[in-house]
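Subject: Structure for your files

Dear colleague,

Here is the structure we talked about passing on. My notes on it follow below.

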Amino acid sequence: RTVNIGRGGAFIASDQTLPSVNDHVEFRIEFDNKDLHPIEGTGLCRWVREKKDQNSPKGFGIEFLQLAKESSHTLQMLIDANSPIAHIPKD
């Protein structure tokens, strides 16, 4: 489940075992809107939130390293529609 997605990466909420910082990960982000092609590729885990808190779920932040060709179009559409801003977690 993706909570935030931006120009260079995404936050992935997960109740499963989390990667470690600097681990390479393969990802596929699917959307409820089936008109949007999934965003898939490889990334680098940049930070981890081990436990959920009042406002944020457990999960990890990834930096996109490589996207599938079809994913670039979906990401560009989301950026154009939502104008995401950079987020750097406090923990």
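A residue is called buried under 20% relative accessible area, exposed over 50%, and partly exposed in between, with a 1.4 Å probe and protein chains only. This is a predicted model, in which local features need pLDDT of at least 70 and side-chain atom pairs count only at pLDDT 80 or more, while totals for chains, interfaces and linings use all residues. Residues are numbered from 1 along each chain as its sequence is written, and side-chain values use heavy atoms, with hydrogens and water left out.

Strand 4 and its neighbours

Helices (H or I, at least four residues) and strands (E, at least two) are DSSP runs numbered from the N terminus. Strand 4 covers residues 39–49, and 8 of its 11 residues are buried. Two strands are taken as paired if DSSP finds at least two bridges between them. Strand 3 (residues 24–29) runs antiparallel to strand 4, and 6 bridges join the two. Among the bridge partners, Phe 27 is matched with Gly 41 of strand 4, and Ile 29 with Ile 39 of strand 4. Strand 4 also pairs with strand 5 (residues 59–67), again in the antiparallel sense, over 8 bridges. There, Cys 45 has Ile 62 of strand 5 as its bridge partner.

In a regular strand the side chains alternate between the two faces of the sheet. Strand 3 shows this: Val 25, Phe 27 and Ile 29 point to one face and are buried, whereas His 24, Glu 26 and Arg 28 point to the other and are not buried.

Arg 49 also belongs to strand 4. Is Arg 49 buried or exposed? Its relative accessibility is 8%, so Arg 49 counts as buried. A polar atom of the Arg 49 side chain lies 2.8 Å from the backbone oxygen of Pro 57. For a polar contact, the pair of N or O atoms must be within 3.5 Å; within protein, one must be able to donate a hydrogen and the other to accept it, and residues adjacent in sequence count only if both atoms are side-chain atoms.

Salt bridges

There are 3 salt bridges in the structure, each defined as a side-chain nitrogen of Lys or Arg within 4 Å of a carboxyl oxygen of Asp or Glu. One of them joins Glu 30 and Arg 28, at 2.7 Å from N to O. Glu 30 is exposed at 51% relative accessible area, and Arg 28 is partly exposed at 47%. Arg 28 forms another with Glu 40, where the closest N and O atoms are 3.1 Å apart. This pair links distant parts of the chain, with Arg 28 in strand 3 and Glu 40 in strand 4, 12 residues apart. Glu 40 is partly exposed, at 24% relative accessibility.

Glu 63 and Arg 46 also form a salt bridge, their closest N and O atoms being 2.6 Å apart. Glu 63 is in strand 5 and Arg 46 in strand 4, so this pair ties together parts 17 residues apart in sequence. Both count as partly exposed, Glu 63 at 30% relative accessibility and Arg 46 at 42%. Shared partners join the salt bridges of Arg 28, Glu 30 and Glu 40 into one network.

Aromatic pairs and core

The structure holds 2 aromatic pairs. In one of them, the ring centres of Phe 11 and Trp 47 are 5.4 Å apart and the planes are at 10°, so the pair is stacked. Phe 11 lies in strand 2 (residues 9–13) and Trp 47 in strand 4, so the pair ties together parts 36 residues apart in sequence. Rings of Phe, Tyr and Trp (its six-membered ring) pair if their centres lie within 6.5 Å; planes under 30 degrees apart are stacked, over 60 edge-to-face, and the rest tilted. Phe 11 is buried at 6% relative accessible area, and Trp 47 is buried at 16%.

A nonpolar core is a set of buried Ala, Val, Leu, Ile, Met, Phe, Trp, Tyr and Cys residues joined through side-chain atoms within 4.5 Å. The largest one has 17 residues, and Ile 29, Ile 39, Phe 60 and Ile 62 have the most contacts inside it. Strand 2, strand 3, strand 4, strand 5 and helix 1 (69–82) each supply at least two residues of this core.

Regards
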